[in-house]
Amino acid sequence: MNLNFVAPCMFGVEGLLATELKRMGCKNVSAENGRVKFDGDENTLAKANVFSRLSERILINLKEFKALTFDSLFDEVKKIPFENFISKNDAFPVVGYSINSSLHSVPNCQKIIKKAIVERLKEAYKISWFKEDAAKVLIRFSIIKDSVCIMIDTSGEALHKRGYRAHSSIAPIKETLAAAMCELARIFPDTILYDPFCGSGTILIEAALMAMKKAPGLNRKFLSENFGFLNKNAFKNARAEALDLIEKNISFKAFGYDISDECIALTKENAKKAGVENLIEVKKQDVKDLKLPEDRLKVITNPPYGERLLDIKKAEELYKIEGKVMPELKGYGYFIISPHDEFESFFGREATKKRKLYNGMLKCSLYMYF
Ligand SMILES: C[S@@+](CC[C@H](N)C(=O)[O-])C[C@H]1O[C@@H](n2cnc3c(N)ncnc32)[C@H](O)[C@@H]1O
């Protein structure tokens, strides 16, 4: 079955995600604002879910059209052959959002889309009542500047939820953002990595998974595994391929430090859940005591932001300390994410390169020194 997909991602990550999907063999990959489109089949669907480190979810793109009235929304949705995707007894909840559009009431759009699908399926299945007690086929819609997109969610829980994160009160960086930072820093099976503000260990774990070529979705379930229209072997094959690729004997090593005992314990727990505890060493340490080896190392880190953990002045003091404990060494690479526009002046050196990335809604830069 030929399918068209949309993979939403964080702003700033589109180009990296497009490259990741091309590497996976996806066809006609094109990056747009906050999402990447591509073509493929059922195997592509399973592979993208299991292997993608950077996308938030994998959606089947059913149809795109302009709609200014509820009547046209209803008519266009009703033309979609939903019977190819939704079986007689499947549940088909509808969720979505509308931005800068004439059809701005989300609950009303939801009702109209649901009604159009029901009418379509009534005709296709010649029944008037839907039990909706079998597989859940989640329909998502987006309406942006009157352009409607109707999609099927194949992931379910967002893909940044890899299944290794323990519950905690601290605010960690999203796994997909940590993976994007690691992608930009380039992780190899022999990389030596430091994170002096490791928090719950997200950057260290994402880097370790990348170094051992372990697919991030290997240990979790996806909503589409229950879809009746999908070949049952698609996910089985994707998982088998992922298992085959894992490299266990690598010299990658990651060192994580944090000033908080709770964070050190969390990093250990998360690393164990992710199956990378043998690649990561953690200890309690203040950044001012950081000692880096003389050559060949990477630091990828997410220091405290003024708004969230310390006040801005304290964050700026820490940037100054970072500049001192991260000197220009042989073969070094420092990758520091910060929302502070004057990070470089506190750090004491101009970055070799900068890259705009978003941490949630917060506009940040990844300051790269190499
Ligand atoms: C933004 S959080 C890092 C979150 C992390 N990336 C994650 O995914 O969980 C910043 C961390 O810096 C730690 N920290 C604050 N001051 C520190 C210092 N002087 N030395 C070392 N760590 C410090 C905090 O305990 C916090 O865990």
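Me: What makes helix H5 (residues 175-185) mostly covered?
Reply: Nine of its 11 residues are buried. A residue is buried if 20 or more other C-beta atoms lie within 10 Å of its own (exposed: 12 or fewer; partly exposed: in between), with C-beta atoms placed from the backbone. Nine of the 11 residues meet that cut-off, so H5 is mostly covered. Among the nine are Glu175, Leu177 and Met181. This is a predicted model: local features need pLDDT of at least 70, side-chain atom pairs need 80 or more, and totals for chains, interfaces and linings use all residues. Residues are numbered from 1 along each chain as its sequence is written.

Me: Why is H5 called a helix?
Reply: Helices are DSSP runs of H or I with at least four residues; strands are E runs of at least two; numbering starts at the N terminus. H5 has 11 residues, so its length passes the helix minimum.

Me: How do you know which residues Met181 touches?
Reply: Two residues are in contact if their C-beta atoms, placed from the backbone, lie within 7 Å. Leaving out residues up to four places away in sequence, Met181 touches Ile203, Ile300, Phe335, Ile337 and Leu366.

Me: What makes a group of residues a nonpolar core?
Reply: Its members are buried Ala, Val, Leu, Ile, Met, Phe, Trp, Tyr and Cys residues, joined through C-beta atoms within 7 Å. The largest such core here has 101 residues. Met181, Cys182, Ala207 and Ala208 have the most contacts inside it. Helix H6 (residues 202-211) gives the most to this core, eight residues.

Me: How do you know where the domains begin and end?
Reply: The bounds come from an automatic or database domain assignment. Domain 1 is 3-153, and domain 2 is 175-216 + 225-369. Their C-alpha centres lie 32 Å apart. The contact takes 21 residues from domain 1 and 22 residues from domain 2. On the domain 1 side, helix H2 (residues 42-51) has the largest share, seven residues.

Me: How do you know that strand E1 (residues 3-8) pairs with strand E4 (residues 59-66)?
Reply: Two strands pair if DSSP finds at least two bridges between them. Two bridges join E1 to E4, so they pair. They run antiparallel. Phe5 has Ile60 as its bridge partner in E4.

Me: Why are E2 (27-32) and E5 (94-99) called edge strands?
Reply: Each pairs on one side only. They end the order E2-E3-E1-E4-E7-E6-E5, an open sheet of seven strands with mixed pairing.
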